[in-house]
Every structure is written in structure tokens, then in C-alpha cells.
Amino acid sequence: MDTRVITAVASCQRCHRRKKKCDRTLPQCDTCMKANVQCSFLVDGDQQSGTYPIAFVQGLESRIQELESQLALALEATPNCPEPPTPGNGDTGTESIRSPAQQTPSDGILGGNFPTFSIHTQAPSSIEHIPAISMARELRILSLEVAAENRHLGSSSGLSFAKLTQTILKRLSPDRTDFVFAGISQGDDILGQINWDSPPDFFHPHMMNFPNIAGFGPTLFGNMSLSRIIEPSDSLSDLCLPSKSRADQLTSFYFAHSHTLYPIINKSEFLALLDRIYENPLDTSSMDPASLFRVWMILAIGSSSRSSVSVVEESEALLYYNKALEYFEVAFDYGDMVALETIMLQVSFSFFNQFGPNTWLLVGNAARIAIGLGLHTSSAYERLPFNVSEMRKRVFFSIYMMDRVISIALGRPFAIQDDDIEIEPFMDIDDDEIDDPEARDRLEPSILSVPRHILHLRRIASKISRQVYGNQATIRANMPHREDIIRSLHKELIDWRRNTPFPLPDVHPRVPHLCSNWYDFNYYTHTAMLYRPSPLFPTLDQVMVKKLANAASMSIRQAYTMHRQKRFAYNWLNLLSLFMATISLIYASTAQPQELVSYLQKAQVIDDLELVLQLFEKLNGKFPGAKNIQCIIDRVLRRYKEMCNITTPS
């Protein structure tokens with residue numbers, strides 16, 4: 001074997017950006033390997049040009065040819081027809097999982113991101129083919145609702161895991177054929193007519209019809225047509241502010257809910273601004289556009305986030321949002337910090353409203369402006385007053401949290417890199433104490449302790465994404481090292497949950513993240529993300545499967561508890577989290593190495609899926625596109641009950 005060290009002709013991007021010495025070793029330099037981060041030698045980010053030597057590329061080509069030969073041999077050795085049922089248990093669908101040494105490439109039971117090699121032929125039909133509903137397909141729909149486009153879904157999005165779970169459901173079929181979700185009304189298959197590998201084209205006729213199948217029907221906005229929401233009529237110019245009592249109600253909910261997630265607005269200053277406006281509500285011409293944009297956006301976000309908890313229609317929020325957009329372009333010219341605020345308010349709105357701007361694009365723009373201002377560097381705060389410095393840190397770390405939420409959901413690269421951040425997080429000081437932090441009563445919990453603790457969770461999630469789903473160095477590491485990574489990250493999650501602020505601020509009874517169940521829910525959803533099949537652990541052992549099953553089950557129960565308490569937010573993020581928790585539960589249950597019926601009878605899988613169905617029934621009130629997911633869960637649940645001889649009410 002050739003043991004020569006192959007080097008690049010230039011430093012890697014990370015070392016070049018940080019002005020560090022790079023040994024230029026391919027495929028990963030020593031500095032990046034020690035930091036457990038990805039290493040790239042691409043020139044100026046151009047994905048078509050690189051500085052890899054010819055010898056290295058030729059070695060990769062040889063390796064590809066070798067793998068293609070192995071794949072061809074595997075295809076020849078695999079029969080083209082489904083395996084016959086295993087004698088004795090094939091008719092019940094309860095066969096036990098074989099050990100790794102006994103598994104064939106077509107098993108796909110405990111891990112791997114590859115589909116089976118079996119080739120199933122279909123009889124020709126005169127009816128146009130409509131792709132079957134699948135977990136992966138519904139995940140694509142959700143991501144489209146999240147960010148207005150999903151041309152790329154990475155590993156942390158769970159897409160490969162959804163495909164793997166779809167494959168493992170063959171255990172539920174007596175003949176181990178594909179588990180088909182029959183009986184689901186598919187309607188017009190718009191998604192099947194879209195080329196997901198093409199550049200985004202939102203004026204394509206199929207994309208223009210997408211709102212009608214994904215849950216954005218015109219009836220969502222009462223008597224207002226969707227075209228009027230997209231292209232507001234002149235009547236918006238005559239729209240007046242709501243009554244003072246209604247404005248106070250929406251503002252109060254904004255600062256109890258959204259502000260405790262992303263503290264980008266100074267509460268004291270905003271309330272003073274609102275009072276000035278309502279002293280003379282008919283004369284707003286003297287107000288600057290940035291202030292008017294801020295007021296209308298706070299009202300829009302307050303209304304939308306309130307609707308996400310109470311599941312009511314959102315026409316009020318959309319009216320306020322479109323009114324705010326009248327001042328957007330002018331407000332954007334009021335300086336970089338104001339521009340950041342305008343973008344982040346729109347991102348916050350999109351998190352709670354299913355009909356909002358392109359979240360992915362806005363977060364990226366905000367991150368670029370923040371980095372351009374140097375908000376991630378300590379030198380940017382050296383001469384600033386304490387209160388100004390704290391507000392800018394709040395803005396920066398709010399962008400960071402937004403970036404982590406959307407990037408991990410879509411499995412895409414982060415806009416802000418952790419190792420580039422030189423500053424400490426903002427302090428847990430309330431707005432009315434920011435000018436005199438020493439006057440604060442430390443025995444009383446600060447409202448800012450909540451977003452600061454959520455920031456800690458986002459940083460742990462960032463580590464999970466990098467080390468479990470994206471770092472080639474850790475993926476190639478030996479088994480003990482990979483197990484240490486999982487153990488260390490799990491311990492961080494446990495410490496995060498144990499250190500939850502206590503007592504939590506009691507400012508509103510309907511805010512989800514002001515109750516302990518929200519922290520339990522997020523602890524278990526992140527634990528499930530840690531233990532589901534991933535690039536770091538494509539194959540799970542029995543211990544990891546058990547931990548995944550427990551985390552998924554507890555996620556569902558915590559969500560249902562918040563639902564009963566009327567504190568569950570029915571937004572796209574929780575919809576996605578619930579779907580992934582359900583996929584994890586189905587995978588971990590069906591992949592149990594013991595006899596499946598016996599496991600289902602001992603565990604509470606059937607009860608948990610019953611709870612999920614109730615949650616998705618509620619979600620259908622806001623996301624009609626979630627109906628297919630509900631049908632998928634119902635189909636699996638019915639099969640579980642059939643195997644356990646449990647009667648299902650008709």
C-alpha cells in the first residue's frame with residue numbers, strides 16, 4: 001500500500017481564514033483533525049474547482065471503481081424477487097433480527113442508509129403513476145413548509161433515517177415486502193412533478209399550486225383570498241392600529257413568548273415607543289419607518305405566536321405582517337443594527353406562522369451582516385457602553401440560535417461557526433436592569449435566564465450536528481472513541497436539563513418554554529437525535545436501540561402533557577419534532593432484536609402512538625398537509641394492533 005503523505009498546494013480554508021499554519025495534509029489537515037472539524041481545500045468556496053493533487057484524485061477514482069465492482073457482485077448475488085416467509089413465523093411478521101454476522105445486504109434492520117437491493121417490477125397500467133406516500137416524502141413536504149424550498153436536505157434533517165425506517169417496516173409485512181401505506185388520499189401529486197435537483201423555480205406552475213396541498217388553502221384566512229395576502233391591496237394603507245387593550249395583549253404575549261426565545265428588542269424602550277404612538281394614534285406620519293416597522297412586526301409576531309398555542313386562524317397576524325412590510329425597505333436603510341433587527345423580526349414571524357418569508361434565506365442574510373459587523377469578535381465590544389454591548393450580544397446570539405434551528409432541521413451547513421465566536425453570551429439581566437446590573441435581586445429568576453439556557457441547548461445541538469452527523473474525522477474514528485463522543489454529548493444534555501432555571505419565570509400560563517415539560521421534551525428530542533442511526537453510528541447495537549426507543553417515547557409523552565396543559569405550540573418546528581420522534585419510536589420498536597409481538601405487548605408503543613394520533617389530529621387544524629403523516633401513523637398502529645390481536649374500533 002502506498003503510504004506517501006499527499007499534500008495540497010495551499011492551506012485549507014479554515015486555517016487560511018484563521019491565519020494559522022496548515023500542514024496541507026489530505027484529506028484533512030492536522031489542525032482541523034485535532035479540532036474535530038471539517039477540512040476543505042476548495043478555492044474561494046467554488047464547488048467546481050479544488051487544489052487536490054492528481055495522485056490523490058486518481059486514488060479516489062480507483063476506490064470508486066473498486067466499490068462499484070463490489071456493488072455489482074452484490075446485485076448479482078441478490079435475487080430479484082422478495083424472500084419467501086420464514087417458516088414458523090413468516091405469517092405473523094414477528095421474525096427476530098439476526099446478528100450482524102448473519103445479516104445480508106437486504107436486511108437493513110438495525111442500521112445503514114442504503115435501501116435493499118431487491119428489484120420489484122410493477123405491471124404496466126394505463127393509469128398515471130402516483131408516487132406512494134412515504135415517511136421521507138412527508139419529511140420533504142415539511143421542510144418545504146419550513147423554508148420555502150428544500151433542494152438539499154442533509155444528514156441531520158433525518159431524511160436518510162426516514163428512508164431507513166420505511167425499509168425496516170418490511171418486518172410488519174408477512175412476506176417481508178414493502179410496507180405500503182394504502183388507502184391514503186393523495187390528491188394531486190404536485191411533489192411528484194417537481195424536479196427536486198433543479199434550481200429553485202417558485203414561478204413553476206406546479207409550485208404555484210403547492211399551497212393548496214401543503215396546508216395553505218385560502219380558507220385559512222377566512223374570507224380573505226390568498227392572492228390578497230401575497231399581494232396586499234391598497235386597503236392596507238388605511239389599516240389602523242388595534243385598540244390599546246388589544247395591542248397591550250399582543251405585546252405582552254410577544255415579550256412573554258418570543259422575547260424569551262430571541263431577545264432582540266429592548267422591552268422598556270419598545271413599551272415607551274408604543275405609549276407615545278397611542279397618545280396620538282392618528283398622527284403616525286412623524287414616526288420614523290424603523291419604529292413603525294418594529295411596532296407592526298411585534299403585533300404580528302404576538303398574534304401569530306398566540307395563534308400557534310391556541311390554534312386559531314391567523315388573518316390578523318398576516319394583516320399586521322403585510323402592513324409592516326410597507327416600511328421594510330425604508331427601515332432597512334436606517335443602519336446595520338436596524339437592518340439586522342428587521343430581518344430577525346421576520347425570521348421570528350416565520351417560526352410561528354406557516355405562511356411567512358423564506359426563513360433559510362433571511363437567517364443567512366442576518367448572519368452575513370452580523371459577521372460583517374464583527375459581532376462575533378471581542379474587539380467589537382471594547383469601547384461600547386455596557387447596555388449597548390449587552391443588546392448587541394443578544395442580537396448576535398439570537399441569530400446564532402435561529403441559524404442552529406433552521407440549519408439542523410434542513411441538515412445544512414451553519415452560517416456561523418462555533419470556533420469563530422470570541423465573545424461570551426449575554427448576561428441574564430432583565431431590560432429594566434440593564435443600565436444598573438448591580439441592583440438586580442439574585443433570588444428572583446431573570447426572564448433572560450430562559451433564552452440564555454436555550455442558547456446552551458443550541459450549542460449542544462451544534463456539537464451533535466458536527467460530531468455525529470458532519471465530521472469525517474470522528475466518523476472514521478475507532479469504536480471506543482465514537483462511543484466516548486456519544487457518551488460525552490449525552491452527559492452535556494443531562495447537565496443542561498439539570499441546570500434548568502428554577503423557578504421558571506411565571507409571566508404567562510400559555511408560554512411553552514416557561515414550564516418544565518418543554519425542557520423535558522427538548523432533552524428527549526435531542527437525545528433521540530443523538531442515538532438514531534447517523535454517519536457516526538450507521539448501525540445501532542441493542543443498548544442504543546433501547547435508548548432511542550425510550551427517548552422517542554418520552555418525547556411524545558411530554559408533548560402530549562403540554563397539549564393537555566394548553567401550552568403546546570402548534571408550529572412547524574414542533575410538527576417536525578413530533579414526526580421525527582414518531583419515526584424514531586417506530587424504528588426502535590420494529591428493530592427490536594427480540595420477538596416483535598412480545599416487545600409490543602410489554603412496551604407502551606401502542607399507547608404512545610395513540611397519543612401521537614391525538615396530537616396530529618390537532619395539528620391538522622393548522623397544517624392540513626399533516627394529514628398524510630397522521631395516516632402513516634394510523635396504518636402502522638393498526639398493524640401493531642393486528643399483530644397483538646388488539647381490536648381496533650372502526
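The largest cavity in this structure has a volume of about 660 Å³. Keep in mind that the model is a predicted one. Here is a friendly tour of that cavity, the nonpolar cores and one well-covered helix.

**Cavities**
- In total, the structure holds two cavities of 30 Å³ or more.
- The largest cavity is lined by 33 residues, and Arg458, Asn522, His526, Leu573 and Ser577 are the closest to its centre.
- Five helices each give two or more residues to this lining: helix 14 (336-352), helix 16 (386-410), helix 17 (449-470), helix 20 (516-531) and helix 22 (572-590).
- By residue class, the lining of the largest cavity splits into 18 nonpolar, twelve polar and three charged residues.

**Nonpolar cores**
- The largest nonpolar core contains 163 residues.
- Within that core, the residues with the most contacts are Leu345, Phe396, Ile399, Ile464, Phe616 and Tyr640.
- Leaving aside residues up to four places away in sequence, Leu345 touches Tyr254, Ile264, Ile265, Phe293, Arg294, Met297, Ile298 and Ile301.
- There is also a second, separate core of seven residues, and its members include Cys22, Cys29, Val37 and Cys39.

**Helix 5**
- Helix 5 spans residues 159-168 and is mostly covered, with eight of its ten residues buried.
- Its buried residues are Leu159, Phe161, Ala162, Leu164, Thr165, Gln166, Thr167 and Ile168.

Terms used: Residues numbered from 1 in each chain as written. Predicted model: local features only at pLDDT ≥ 70, side-chain atom pairs only at ≥ 80, totals over all residues. Heavy atoms only, no water. Buried < 20%, exposed > 50% of the residue type's maximum accessible area, 1.4 Å probe, protein only. Helix = DSSP H or I, 4+ residues; strand = E, 2+ residues; numbered from the N terminus. Core = buried A, V, L, I, M, F, W, Y, C linked by side-chain atoms within 4.5 Å. Contact = heavy atoms within 4.5 Å. 1 Å grid on protein atoms, 1.4 Å probe; cavity = no way out; pocket = protein on both sides within 12 Å on 5 of 7 lines; lining within 4 Å. Points joined across faces, edges and corners; volume = space filled by probe spheres on them. Nonpolar A, V, L, I, M, F, W, Y, C, P; charged D, E, K, R; others polar.
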